[in-house]
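Could we go through this model together, one question at a time? Here is what we will be looking at.

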Amino acid sequence: MDLLTLGGLVLAFCSVFLANWLGGGEVILLLNLPSAIIVIVGSLGAALVQSSISEAISALKLLRWSLMPPVFDLEGSRHTINRLALKARRLSIIALESDIKALHNTFATRALQMAVDGTDPELLADRLHEEAARIRDRRAGCIGFLEAIGGYAPTLGIMGSVLGLIQAMANLDSPEALGQGIAVAFVSTLYGQGFANLVVFPICRKLYRYADQELLLNQMFIDGIHGIATGKHPQRLDLELGGYEQL
């Protein structure tokens, strides 16, 4: 569980409520279910119009990374590659077949299987680089769907405010109800800006960072397994992989 994400969200929303309270505003005025519905549900609907259902489902699955982040252990993976390189040099690359399933990484498992099967090292590297790029592009597409939700939210907030003003104008004969109606109407604009800039966009930036870490790990596996397939000396290979650093 990423407590930093939860703590950041709580701090961001508390700052809004605290500023409202210090300014003499009533907290209850900031709680408006219709405004939340038009901003959140409306933004989701608009994003669905421009996307496919598979992309939307993948994006929602990727969203769990914001609270339960994946672990991309570059240092541990480097040690694993070094161990495999030593074993391949001592025995043969065929001897690594028993280590394939022990990698616990889908991309690395496929890469090592290709190397054990005797795939040409250069062809192996080219195909794996293409696959790593496609994985990164898919991640970017999913995050782009979430960014679209954040992009539409402020506009939907303004639409909610307009709807609230239309309802408020119906109470022109009651000044008190009119004043309260106008105040509530502008809550939708606040929801739109807050949902986009306090929730969606910060989470998307975090997801991009995780996607970059995944790409970096995949590239390290490519270089490492390519080095094993070409018979590179384990010490030299480990030294080259030392250039990969955690983001």
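**An aromatic cluster and two helices**

Reader: Is W65 buried or exposed?
Author: This is a predicted model, where local features need pLDDT of at least 70, side-chain atom pairs count only at pLDDT 80 or more, and totals for chains, interfaces and linings use all residues. Residues are numbered from 1 along each chain as its sequence is written, and side-chain values use heavy atoms, with hydrogens and water left out. Buried means under 20% relative accessible area, exposed over 50%, partly exposed in between (1.4 Å probe, protein chains only). The relative accessibility of W65 is 10%, so W65 counts as buried.

Reader: Happy with that! How do the rings of W65 and F72 pair?
Author: Rings of Phe, Tyr and Trp (its six-membered ring) pair if their centres lie within 6.5 Å; planes under 30 degrees apart count as stacked, over 60 as edge-to-face and the rest as tilted. Here the centres are 6.1 Å apart and the planes are at 75 degrees, so W65 and F72 are edge-to-face.

Reader: Which residue forms an aromatic cluster with W65 and F72?
Author: W65 also makes an edge-to-face pair with Y210, 6.4 Å centre to centre and with 80 degrees between the planes. Y210 has 6% relative accessibility and therefore counts as buried. The residue that joins W65 and F72 in one cluster is Y210.

Reader: And how are helix 6 and helix 8 oriented to each other?
Author: Their axes, lines fitted to C-alpha atoms over the stretch in contact, with angles from 0 to 180 degrees between N-to-C directions, come within 8 Å and cross at roughly 180 degrees. Angles under 35 degrees count as roughly parallel, over 145 as roughly antiparallel, 65 to 115 as roughly perpendicular and the rest as oblique. Helix 6 and helix 8 are therefore roughly antiparallel.

Terms used:
Helices (H or I, at least four residues) and strands (E, at least two) are DSSP runs, numbered from the N terminus.
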